[in-house]
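User: I'd like to learn how to read a structure like this one. Could you walk me through a few features?

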Amino acid sequence: MSIVFEGAGLTVDTPDGSRVVLAPTTLELAEHRIAVVGANGSGKSTLARMINGLVAPSAGRVLVDGFDPARDGREVRRRVGFCFTDPAAQLVMPTCAEDIELSLRRTVKDAHLRRQRALQVLERHGLVDHADASVHTLSGGQKQLLALAGVLAVEPSVVIADEPTTLLDLANTRRIGDLLLGLEQQLVLVTHDLDLAARCDRGIVVADARVVYDGPAAAAVDHYVASVPA
Amino acid sequence: MSTPLLLGVYQPGSTVLHRLPVWVKVLSLGALSLTIVLVRDVRAAVGFLALALVLAAIGKVALRTLARSTRGILVIAVIASALQWWAAGPDKAAETLLDLISLALLALTVTATTLVNAILDSLIRGIGPLRRVGVDPERVALTIGLAIQAIPGTVALALETRDAARARGLGSHPRAYLTPFVIRVVARAHETGDALAARGIGDD
Amino acid sequence: MTMAETADSTTPADAPARRRRSTTTDIALIAAFTALIAACALVIGIPVGGGGVDITLQTFGVMLAGAVLGPVRGFLSVALYLLLGAAGLPIFAGHSSGLGSFTSVSAGYLWSFPIAALLAGLLVQYVGRSRRTSALVVFLCAVPGMIVNHLAGVYGMKLFFDTDWRTAFEYDAPFWLGDVVKILVVALVAAEVHKAFPHLLRRG
């Protein structure tokens with residue numbers, strides 16, 4: 001899967017004048033696992049969201065396998081799965097199985113088959129005992145696991161994760177982190193977890209709305225750490 | 001608190017009333033309620049109450065559920081009929097009392113013999129024909145699922161925000177926790193909207 | 001970066017993306033406010049007397065939905081709240097639920113909730129417009145909705161008790177003060193929310 005940023009940037013109008021959220025950025029993301037690190041509000045989330053069209057660039061464009069997310073959103077979202085920080089915001093149906101079924105709704109039209117597939121997905125992630133339980137009865141880690149299972153259920157070619165472990169404890173951070181890094185799919189991981197970031201194949205540092213470093217993940221983490229005043 | 005909170009008064013069973021189609025029950029309830037309110041006669045009121053009791057018996061509505069759910073309405077009915085007695089005489093009072101109890105009983109019988117999901121499913125099937133005027137039943141179903149799912153989380157958010165306000169010594173000002181609470185609800189809804197879009201929900 | 005800012009870009013190529021996202025965000029907002037009204041009715045209830053009538057923030061949630069979401073989404077979220085309650089989820093004031101609430105003494109208030117939210121939303125969006133960040137403006141926009149709500153409530157009681165308008169108004173009067181306070185709080189909160197999310201009412 002090729003993800004190409006062609007001078008893609010975003011400037012928004014605010015009551016105090018225009019503000020650059022992401023300066024025009026040119027990148028090609030082809031590595032298996034790519035970490036994006038940077039301070040809060042640096043623009044790294046915007047960069048990630050442009051890949052699946054949640055944020056449209058105000059200049060330039062992004063191409064995912066040749067499709068522009070701003071125009072061919074449907075094609076792009078078939079290929080790109082997105083995992084958010086707060087599982088509470090992305091789990092949308094009352095029970096675990098129903099939430100997975102919602103993801104499968106487009107690919108599996110038959111209701112019984114869909115239910116079967118959802119149970120298989122839950123089985124794979126060790127959540128099948130919770131199939132008919134309310135999503136609120138899950139722990140934070142299980143919720144994020146379920147959210148990720150919902151994303152992976154439709155077998156996307158790229159998974160984008162925007163700070164997926166920020167709200168999790170250490171054990172769950174490791175579990176979700178290992179799951180993400182072990183995926184066959186291409187991974188774009190926006191994270192504050194520098195250990196996780198260092199294990200990727202490539203690291204991008206975003207600061208003040210622009211990419212300030214792009215290279216091996218470990219070196220990117222070092223660059224980011226060095227840029228933060230002690 | 002999620003599960004017990006959302007149990008409702010449904011009682012599992014296999015009586016005729018449990019098996020009747022939802023729309024038949026809901027329409028009959030509507031028609032009967034309207035008749036009870038419109039027919040002003042104390043003898044008819046006795047008849048309605050008898051009918052309501054028979055229906056509750058057919059549906060095997062447990063006495064305990066009956067007592068618990070009608071306690072509130074009984075208090076109101078008694079007060080109301082006391083006022084009526086004073087204003088319009090004993091006949092009127094008796095009629096008001098009986099009518100209010102009948103209405104509560106009938107509605108309770110339908111609710112006790114019908115699963116929440118059955119009502120919602122029936123509704124979604126019912127609006128199928130509205131597809132032609134731009135109503136998307138799947139989208140309605142999604143919104144319903146989303147809302148049910150969000151209730152326990154929103155209650156938790158309300159309590160959490162209230163505790164945060166109390167911790168800062170602002171507990172006595174409802175506005176001090178209501179504003180952050182509502183802002184968090186709106187912010188989370190935006191995130192959920194993004195998550196739905198990311199899962200391709202708006203694409204079809 | 002807030003969601004409000006990200007939703008703001010408006011290049012022509014951006015139009016389909018915006019439409020799709022606003023659909024899913026609308027669904028999420030409608031569901032979120034349905035849950036919010038339920039949370040208001042559940043958490044912050046203050047039982048008075050026998051439990052039939054509670055002072056709750058149910059009215060707060062309803063008017064807030066209109067004032068924050070505008071007429072269409074406000075109406076839909078309140079209608080969905082009533083629907084879920086009717087289907088049997090115990091989310092009405094005092095943990096009651098079911099169809100009984102729609103045929104009880106206070107039914108008039110319940111039935112008119114969506115209209116009250118619609119009216120408040122219409123006025124906030126089209127009369128309040130950019131002044132909706134002022135609590136006073138939102139308050140004035142919410143008053144007519146509240147009046148409609150009380151008129152419907154009075155009519156309901158008139159019907160159920162079979163009395164004259166005057167008596168029904170006397171039953172209704174004790175609730176006025178509380179409701180005025182509630183929409184004052186609605187106004188304060190909604191104004192803050194519109195400051196935090198300036199684009200919530202950009203479209204219909």
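**Rings, helices and an interface**

Analyst: Happy to. This is a predicted model, and a search over all chains of the whole structure finds 3 aromatic pairs.

User: How is the pair A:F82 and A:F84 classed by its geometry?

Analyst: Two values go into the reading: the distance between ring centres and the angle between the planes. Planes under 30 degrees apart count as stacked and those over 60 as edge-to-face, with the rest tilted. For A:F82 and A:F84 the centres are 4.7 Å apart and the planes stand at 40°, so this pair is tilted. Both A:F82 and A:F84 are buried. In chain C, one aromatic cluster is formed by C:Y155, C:W165 and C:F169.

User: Now helices. How many residues of α4 in chain A are buried?

Analyst: Start with the general idea: an α-helix has 3.6 residues a turn, so residues three or four places apart point the same way. Then look at the case here. Helix α4 of chain A covers residues 96–104, and 8 of its 9 residues are buried, so the rest of the structure largely encloses this helix. Among the buried residues of α4(A) are A:C96, A:I100 and A:L104, along with the charged A:D99 and A:E101.

User: And B:D99: is it buried or exposed?

Analyst: The cut-off to keep in mind is that buried means under 20% relative accessible area. B:D99 has 5% relative accessibility, so this residue counts as buried. B:D99 belongs to helix α6 of chain B, residues 90–112. Setting aside neighbours within four places in sequence, B:D99 contacts B:I36, B:V39, B:R40, B:A45 and B:F48.

User: What area is buried between chain B and chain A?

Analyst: Interface size is often given as the accessible area lost when the parts come together. Between chain B and chain A about 2,100 Å² is buried, and carbon and sulfur atoms give 53% of that. On the chain B side, B:Q149, B:R199 and B:D203 lose the most area to chain A, together 34% of what that side buries. The contact involves 23 residues from chain B and 26 residues from chain A.

User: Which side chains meet in a salt bridge there?

Analyst: The count between chain B and chain A is 3 salt bridges. One of the pairings joins the side chains of A:D99 and B:R199, at 3.2 Å from N to O. In chain B, α1 (2–5), α8 (137–167) and α9 (174–198) each supply at least two residues of the side touching chain A. That side divides into 9 nonpolar, 7 polar and 7 charged residues.

Technical notes. Residues numbered from 1 in each chain as written. Chains lettered and ligands numbered in written order. Predicted model: local features only at pLDDT ≥ 70, side-chain atom pairs only at ≥ 80, totals over all residues. Heavy atoms only, no water. Contact = heavy atoms within 4.5 Å. Buried area = accessible area lost by both parts, 1.4 Å probe. Salt bridge = Lys/Arg side-chain N within 4 Å of Asp/Glu carboxyl O. Helix = DSSP H or I, 4+ residues; strand = E, 2+ residues; numbered from the N terminus. Phe/Tyr/Trp six-rings, centres within 6.5 Å; stacked < 30°, edge-to-face > 60°. Buried < 20%, exposed > 50% of the residue type's maximum accessible area, 1.4 Å probe, protein only.
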